[in-house]
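This report looks at the charged side-chain pairs and the cysteines of one protein chain. Please keep the sequence and the model in view while reading.

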Amino acid sequence: MPSDHEKDAYPQPPRQTPVVDKQTALPNPAVILSKLFYYSVDVPVTTFRDAVDSIRSKNRPVFYHQKFRRVPDLTECEHGDYLCYYEAEMQWRRDYKVDQEILKVVQERMRACQQREGPSYQQNCAPEIKQFNEVTHSYGSRYGDLGAYASGRKCLMKQKERMMAAQAQSV
């Protein structure tokens with residue numbers, strides 16, 4: 001920049017913000033109230049929450065992969081033991097959901113292979129298709145025809161009927 005430049009050629013633009021014209025020497029009550037709230041409520045609450053969070057972060061419980069103990073099946077429950085009936089029913093429902101997820105995973109693998117291989121998926125995805133057919137057959141034989149209100153008791157009765165039919169065929 002040359003030293004002989006003229007300052008008046010490019011004057012400073014006028015200020016857009018008006019100058020604060022204080023009428024009184026007293027502080028603003030809104031500022032007083034906000035600071036009072038900040039120091040009397042916000043700071044203690046935030047400090048307490050941070051202390052609790054630091055304690056909880058040390059022994060944080062893990063909510064995923066919850067492990068349930070295996071409970072007796074309905075066939076192992078004694079007559080009139082309603083708590084055992086309930087536990088067996090809840091175990092059956094957990095098993096049902098796990099089997100549904102297994103079926104979904106196998107189906108996703110098969111579809112991914114079909115998408116990847118294109119028209120020649122029949123020969124290139126034979127293991128995935130075979131596994132899907134086996135899983136579907138076992139899922140259908142166990143849970144098929146149970147209806148919308150499926151339960152462990154209905155599933156057990158279906159299994160009993162299958163076993164009786166197989167025994168009748170073998171005789």
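Are C113 and C125 buried or exposed? Both C113 and C125 are buried, and since the model is a predicted one, this assignment, like the others below, is computed from predicted coordinates.

**Disulfides**

A search covering the whole structure returns 2 disulfides, and when the bonded cysteines of the chain are numbered in sequence order, their pairing reads 1-2, 3-4. C113 is joined to C125 by a disulfide with an S to S distance of 1.9 Å, and because the torsion about this S-S bond is about -95 degrees, the disulfide of C113 and C125 is left-handed. This pair links distant parts of the chain, with C113 in helix α2 and C125 in the loop between α3 (121-124) and α4, 12 residues apart.

The other link, formed by C77 and C84, places their sulfur atoms 2.0 Å apart, and with -75 degrees about the S-S bond it is left-handed. C77 counts as buried at 12% relative accessibility, and C84 is buried with a relative accessible area of 9%.

C155 is likewise buried, with a relative accessible area of 8%, but its closest cysteine sulfur, in C77, is 15 Å away, which is too far for a bond.

**Salt bridges**

Side chains of opposite charge can pair when their charged atoms come close. The count for this model comes to 7 salt bridges, and the table sets out some of them, including the N to O distance of each pair.

| Acidic residue | Basic residue | N to O distance |
|---|---|---|
| D50 | R49 | 4.0 Å |
| E87 | R69 | 3.5 Å |
| D99 | R142 | 3.4 Å |

The side chains of E87 and R69 meet in a salt bridge. E87 lies in helix α2 (residues 82-117) and R69 in the loop between α1 (29-58) and α2, so the pair ties together parts that are 18 residues apart in sequence. E87 is partly exposed, with a relative accessible area of 25%, whereas R69 is exposed, at 56%.

The side chains of D99 and R142 also form a salt bridge. This pair links distant parts of the chain, since D99 sits in helix α2 and R142 in helix α4 (residues 126-143), 43 residues apart. D99 counts as partly exposed at 22% relative accessibility, and R142 is partly exposed as well, with a relative accessible area of 32%.

As for the pair of D50 and R49, D50 is partly exposed with a relative accessible area of 42%, and R49 counts as partly exposed at 47% relative accessibility.

Key
Residues are numbered from 1 along each chain as its sequence is written. This is a predicted model: local features need pLDDT of at least 70, side-chain atom pairs count only at pLDDT 80 or more; totals for chains, interfaces and linings use all residues. Side-chain values use heavy atoms; hydrogens and water are left out. Buried means under 20% relative accessible area, exposed over 50%, partly exposed in between (1.4 Å probe, protein chains only). Helices (H or I, at least four residues) and strands (E, at least two) are DSSP runs, numbered from the N terminus. A disulfide is a pair of cysteine sulfur atoms within 2.5 Å.
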